[in-house]
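Reader: I should like to learn how a structural model is read, feature by feature. May we work through one together?

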Amino acid sequence: ASSFARMFVQVCLYFYCKCLWRCLKFVVRKLTGQCELQRICYNTKPGAARTMKIEASLKGSKSKRLQTSVNVHPDAIEKTIDDIMELKRINPDINPQLGVSLQACLLQIVGYRNLIAEVEKLRREPYDSENPQHEEMLLKLWKCLKPNSPLKARISKQWCEIGFQGDDPKTDFRGMGLLGLYNLVYFAEWDTEIAQQVLTDSLHPKYSNVQQYLDFNYFFFLSQLSKAEWEKKKFDKAIGYSFAIVGINITDLAYNLLVSGALKTHFYNVAPEAPTLTHFQQTFCYLMHEFHKFWIDEDPLDIMEFNRVREKFYKRILRQLQNPEMALCPHFAASESLINM
């Protein structure tokens with residue numbers, strides 16, 4: 001009985017709030033002479049704050065035409081804007097900027113939905129060693145990361161040098177399909193210097209830090225450590241991770257951020273129109289770079305702490321993306337184009 005009463009109260013409260021909200025919107029429109037879409041576009045600056053409010057307004061509308069406007073084909077956006085203006089009785093000649101603003105918002109909203117579909121398609125496509133294009137991409141990954149070390153054979157233990165688990169990398173792509181390979185190749189090809197440095201550091205990150213210290217304090221450092229002590233320090237303190245496997249794991253992290261809608265804040269702030277696969281891959285580069293720094297700062301005891309560190313990193317990114325003005329800052333060559341978008 002108490003459960004039923006609680007449910008009844010919740011239903012009544014829902015309809016009361018909904019009706020009250022409709023009444024408030026009606027009163028505000030009469031007072032201002034502007035519909036909700038106009039008020040959002042005129043009073044909210046471009047970017048995630050405006051686009052997310054427009055998206056919520058359209059989805060929450062009592063009009064089916066407005067609700068479905070966020071799911072139209074990109075080619076139908078202009079006609080959709082005309083329909084919205086007509087439905088809201090807005091004169092486009094008096095409000096020319098409104099149509100432009102709505103179009104930009106709809107391009108981002110529809111583009112985000114289409115990006116999810118594109119990313120999902122890549123994730124579901126398995127790596128096929130009989131497909132020449134797949135094989136070509138895999139070999140490109142090796143050449144970008146290890147340009148001075150020719151791959152001796154397609155099936156080789158050399159793959160472990162860039163962080164795969166066995167002789168044949170195809171088995172490591174099962175979780176993320178081609179999406180994992182696409183991201184790794186993009187990182188290695190378009191931000192080669194950073195990717196190679198992250199790979200090197202992932203083998204001995206603490207050794208890298210000690211080496212930097214040695215460069216600046218060479219004579220003092222050698223006076224404190226014997227050669228045997230240095231060799232022991234160099235290897236005992238090395239805490240690394242498998243570069244390629246972590247890349248596939250960070251691809252999964254980026255995928256979850258995208259599908260959950262968390263990346264809307266970032267994409268709506270950096271993509272003036274529809275976010276594309278390139279935006280997603282640039283975001284992966286950023287996450288890969290930031291995770292590497294986060295891993296070293298966390299100073300884990302061993303690789304068994306990976307899940308703990310990953311979860312903590314994921315929560316930090318989520319917190320950052322809760323800010324509607326947030327754009328994941330580019331720190332590397334692959335994302336320089338984001339600065340001027």
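**Reading the model feature by feature**

Author: Let us open with one residue: Glu305 is buried, with a relative accessible area of 19%. The limit that matters here is 20%, as a residue counts as buried under that value. The model is a predicted one.

Reader: With which residue does Glu305 form a salt bridge, and how far apart are the closest N and O atoms?

Author: The partner is Arg308, and the closest N and O atoms are 2.7 Å apart. Arg308 is partly exposed, at 37% relative accessibility. Salt bridges with shared partners also join these two residues with Glu298 and Lys312 into one network.

Reader: How many salt bridges does the structure hold?

Author: There are 18 salt bridges in the structure. One of them pairs Arg65 with Asp83, with 4.0 Å between the closest N and O atoms. This pair links distant parts of the chain, for Arg65 belongs to helix H4 (residues 64–67) and Asp83 to helix H5 (residues 77–87), 18 residues apart. Both ends are partly exposed: Arg65 has 46% relative accessibility, and Asp83 has a relative accessible area of 22%.

Reader: Which salt bridge involves Asp168, and where do its two residues lie?

Author: Asp168 meets the side chain of Arg154 in a salt bridge of 2.9 Å, N to O. Both residues lie in the loop between helix H7 (132–145) and helix H8 (177–190), so the pair ties together parts that are 14 residues apart in sequence. Asp168 counts as buried, at 16% relative accessibility.

Reader: Let us turn to the overall fold. What does the secondary structure come to?

Author: The secondary structure comes to 16 helices and 0 strands. The protein has 341 residues, of which 43% count as buried. To see how the chain is brought together, one considers contacts between residues at least 6 apart in sequence: 67% of these join residues at least 24 apart. The accessible surface is about 19000 Å², and 57% of that surface belongs to carbon and sulfur atoms.

Reader: Which residues of the largest nonpolar core touch the most other members?

Author: They are Ile54, Leu141, Leu181, Leu257, Phe280 and Leu287, in a core of 83 residues. Helix H6 (residues 96–124) gives the most to this core, with 11 residues. Domain 2 (34–124) and domain 3 (132–335) each supply at least three residues to the core.

Reader: What does Leu257 touch, once residues up to four places away in sequence are set aside?

Author: Leu257 touches Tyr112, Ala262, Leu263, Leu287, Tyr314, Ile317, Leu318 and Leu321. Among these is Leu287, which is also one of the core residues with the most contacts to other members.

Reader: How should one read a residue that is partly exposed, such as Arg113?

Author: One may begin with its element and its area, then turn to its surroundings. Arg113 is found in helix H6 and has a relative accessible area of 30%. Beyond residues up to four places away in sequence, Arg113 touches Val70, Asn71 and Val72. A C-alpha separation adds another view: Arg113 and Gly261 are 148 residues apart along the chain, with 9.6 Å between their C-alpha atoms.

Reader: Where does Gln320 lie, and with which residues is it in contact?

Author: Gln320 lies in helix H16 (residues 306–321). This residue is partly exposed, with a relative accessible area of 25%. Leaving aside neighbours within four places in sequence, the contacts of Gln320 are with Tyr286, Met326 and Leu328. The C-alpha atoms of Gln320 and His266 are separated by 9.6 Å, and these residues are 54 apart along the chain.

Reader: Which elements have the lowest and the highest mean pLDDT?

Author: Helix H10 (residues 205–216) has the lowest mean pLDDT, 41, and H7 the highest, 98. For the protein as a whole the mean pLDDT is 84, with 79% of residues at 70 or more. Over residues 230–238 the pLDDT stays under 50, and the model has 14 contacts beyond four places in sequence for them. Residues 331–341 are likewise below 50, with 27 contacts in the model beyond near neighbours in sequence. The general caution is that predicted coordinates should not be read in detail where pLDDT is low.

Notes: Residues are numbered from 1 along each chain as its sequence is written. This is a predicted model: local features need pLDDT of at least 70, side-chain atom pairs count only at pLDDT 80 or more; totals for chains, interfaces and linings use all residues. Side-chain values use heavy atoms; hydrogens and water are left out. Helices (H or I, at least four residues) and strands (E, at least two) are DSSP runs, numbered from the N terminus. Buried means under 20% relative accessible area, exposed over 50%, partly exposed in between (1.4 Å probe, protein chains only). A nonpolar core is a set of buried Ala, Val, Leu, Ile, Met, Phe, Trp, Tyr and Cys residues joined through side-chain atoms within 4.5 Å. Domain bounds come from an automatic or database domain assignment. Contact means heavy atoms within 4.5 Å. pLDDT is the predictor's confidence in each residue, from 0 to 100. Accessible areas come from the Shrake-Rupley method with a 1.4 Å probe; for residues, only the protein chains shown count as cover.
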